[in-house]
Amino acid sequence: MIVTPGDEAELEALVADAASGGKPLAVAGGGTRAGLGRPVDAETTVATSALTGVTLYEPAELVVSARSGTPLSEVTAQLAENGQMLPFEPMDHRGVLGSDGAPTIGGVAAANVSGPRRIEAGAARDALIGARVVTGRGETVKSGGRVMKNVTGYDLARFLAGSWGTLGVLSEVTFRVSPAAETEQTLVVAVPSIDSAVQAMSAALGSPYAVSGAACRPQEGGPSHVLLRLEGFEASVAQRVDRLTALLRRAGNIDAVSADASRDIWRDVRDAAVIRDAADALVWRLSLKPTAAPGVIAALAPLAPKALLLDWGGGLVWVALPSDTAGAGADKVRAATRQAGGHATLVRAPEDIRRTVDVFEPPVPAVMALTRSMKSTFDPAGILNPGRMYAGV
Amino acid sequence: MTAIAFPEPDARTLARRDEIVAGLRRLVAPEAVIDAEDGRRGYETDALTAYRAIPLAVVLPATTAEVASVLAYLNDEGVKVVARGAGTSLAGGALPSADCVVVGLARMNRILDVDYVNRTARVEAGVTNVNITNAVSGRGFFYAPDPSSQLACTIAGNVAMNSGGAHCLKYGVTTNNILGLTVVLIDGTVVEFGGEALDAPGYDFLALLVGSEGQLGIVTEATVRILRSAENAQPMLMGFDSAEAAGGCVAAIIASGIIPVAIEYMDKPAIEVCEAFAKAGYPLDVEAMLIIEVEGSREETDSLIARISEIAAPFAPTVTKLSQSEAESAAIWRGRKSAFGAMGRIADYMVMDGVIPTGRLPEVLKRIAEITAQYGLRAANIFHAGDGNLHPLVLYDMNDPDQLERAELAGADILKVCVEVGGCLTGEHGVGVEKRELMGYQFSKIDLDQQMRVKTAFDPAWLLNPAKVFPLDARPVPNRAAAA
């Protein structure tokens, strides 16, 4: 059964009722990421689809607030009318997860969904400056606000980003926004190896030219393509394209791709299109320090990945593995990423695998203990999205 | 008499002082425990100098392991702990109590590793903010948050207060620039949060720890992002006839799609004092001045300055002055960053740190003037205008206790205005003791109870910096403290 509270008070009552009866609730926005995480066993799903509408938008103050169930597209359309955008470029998971529906602004916050611009402009959590949330106690807690800087009390709003509805149901979120760039260009650098790709991306990101996207599409049996995005005012972009080209002239052959084609490139990077196109695959998302990426990718070669994509200068690696890989390849993937100081998320896998294989990297025992204690402060009855992130959380 | 109340020190702990000092001496090098009253007095206050208390003892550990053994011991003994970086808190965040042990991080000041390829630095938490930038500037990198106290303040303190600075309009505050933390919990457990990757698995504990004012654990090491500096930074000064014109100009610049790295606002009293101190070339015949800094290549900064000048024209700036040299640029920033120190030469002051929606700037400035006049005091105003972070300085004479009390009341009224117009009590200084009793203006009981549950989960006996952040009479029962 899906219930759709129409306001915060209804949401509070619904959660309080479930808490007193000890009945678990699955928490959903648009449901486009429902397949990400451990399966939640709940008869009732509380969806935010009736909590909609932009509640505040002040372009000159770079701030937008919206009820959590507001479709992301509605928010971004309003921003675009004023030449603004969400700085963190949230990924659309529908391709990779093969899901339908419309992503919501609350879902973006709850899953801390970012995209290629994360390296320059921060993640969703960085832009999340305020939130209202109905906790598992059926109480609405507000944290943060609508101003850019705020250290008044603990930063519960950011803490909720990436908690996947296990601590509370967001009812309203407030994001810092930024001006959309006047134009953009992408340099495509053909490099001989993943190692040289990471070197080229690090050189670009360590340059003063404000690179706002650094990705790499490794090609089997040919050169890998490094993609470097420069955004801003027309003249500035043109000048930085020249200077970055000069800086990287020894890295490989360089082409410049202009505005519309560049936007297509980055939409595909954002949505991990090459991973999406590897049909039927198991999909892993690895978070690493960039220089660790080549070694980790080499260590995964025995699993015969169907597709690879590097983003965030190599700090984010997407891996599509054949669907018949035993245990989703978790042992090998996790061993390789951990050894490199990183962590891995199993973004796409059939439900039976997600019941037995950890989807999110299990934290070390001390952090797991704190994770459980945070869960019990927000949701003492353990009814909100139980088990979505970790068993018992 | 002052407005801020403090819990009565625990008599049992005071009576056990010698025993506790001896216990600490067993855990760290003998000279790392400061026992003599003269030595302890150096830790009696921070930059909120109106309040003082000599702590029970001061311990200066040299390693994370020492911090862990000290906390485990004090936790077992039920002794309160106040962590201290450099003691530059303007909110009383490092203010001790007579029954607490101060754990100072000043000896843990090494830069452990700089990784230019991955653009991170690993530092001990007692390192000063500016020393991170100093360590990497030779290669053209910097650490972005730049609080005015950056010469002295530590990363530990920056993490505790989520410090910002003039340039965070573009680069964000501490929470946006930290990738990993080593934290010692009150029971001595050492925990690593985050790491070297751009996201961390599980709940975002970094978000919770940054800005938690030393109440959840003691930070001993941090992995921070370092960024490549722009080729060129170009500050400019613009003077206006009114606060309204300057405020309108700020809003118009941001709405145009330009995000300068900094937009600083100073009013006439602030300009006069800073100019007398720093000889920065500030215009003296204006009501309000903006320092606007843009970055990029020479051509880019020239073009941005031209655009900004065009946008500013309708607001009729009476003075527009571009820095012509690095020396001039340095002087412009020296004037701004030394503002609090310069002001301290002419009067005692309380610095407020409220944040408002930038659109309300002229109205709030007017109300600040009315409030201070009503209490028979003066104010000078220095703001991070781009993000609405106000620093009104309420001037008073410390030798007159009545003036101090009036200054505190005026400050509280100003902060209430900030909340009333949709802002908050503190943008980058923290709540500390200073704004503790005002939390009820911004938060409901439900909001505060949830925050305090988090505190209790990390620190069940409320031993870590307990007298801060939360109103004394709102606390869980065992910690309800009697006002002195």
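**Exercise 1.** In this predicted model, determine how many residues the contact takes from chain A and from chain B.

*Solution.* The contact draws 64 residues from chain A and 71 residues from chain B. On the side of chain A that touches chain B, the elements giving two or more residues include α8 (194-205), α9 (234-247) and α15 (365-378) of chain A. Of the elements, α15(A) gives the most to this side, with 7 residues. Sorted by class, the side of chain A that touches chain B comprises 26 nonpolar, 25 polar and 13 charged residues.

**Exercise 2.** Establish how the axes of helix α14 and helix α15 of chain B cross.

*Solution.* Helix α14 (residues 361-374) of chain B and helix α15 (residues 401-420) of chain B have axes that come within 10 Å and cross at roughly 160°. Angles over 145 degrees count as roughly antiparallel; therefore α14(B) and α15(B) are roughly antiparallel to each other. Their crossing is right-handed. Val364(B), Arg367(B), Ile368(B), Ile371(B) and Thr372(B) of α14(B) make the contact with Ala410(B), Asp413(B), Ile414(B) and Val417(B) of α15(B). By class, this contact has 6 nonpolar, 1 polar and 2 charged residues.

**Exercise 3.** State into which domains chain A is divided, and describe the contact of domain 1 with domain 3 of chain A.

*Solution.* The division of chain A gives domain 1 (2-179), domain 2 (183-270) and domain 3 (273-356). The centres of domain 1 and domain 3 of chain A, taken over C-alpha atoms, are separated by 27 Å. In the contact, 10 residues of domain 1 of chain A meet 12 residues of domain 3 of chain A. On the domain 1 side, α3 (94-97) and α5 (118-121) of chain A each supply at least two residues, and α3(A) gives the most, with 3 residues.

Notes
Residues are numbered from 1 along each chain as its sequence is written. Chains are lettered from A and ligands numbered from 1 in the order in which they are written. This is a predicted model: local features need pLDDT of at least 70, side-chain atom pairs count only at pLDDT 80 or more; totals for chains, interfaces and linings use all residues. Two residues are in contact if their C-beta atoms, placed from the backbone, lie within 7 Å. Helices (H or I, at least four residues) and strands (E, at least two) are DSSP runs, numbered from the N terminus. Ala, Val, Leu, Ile, Met, Phe, Trp, Tyr, Cys and Pro count as nonpolar, Asp, Glu, Lys and Arg as charged, and the others, Gly among them, as polar. Axes are lines fitted to C-alpha atoms, for helices over the stretch in contact, and angles run from 0 to 180 degrees between N-to-C directions. Angles under 35 degrees count as roughly parallel, over 145 as roughly antiparallel, 65 to 115 as roughly perpendicular and the rest as oblique. A crossing is left-handed if the near helix is turned anticlockwise from the far one by less than a right angle, and right-handed if clockwise. Domain bounds come from an automatic or database domain assignment.
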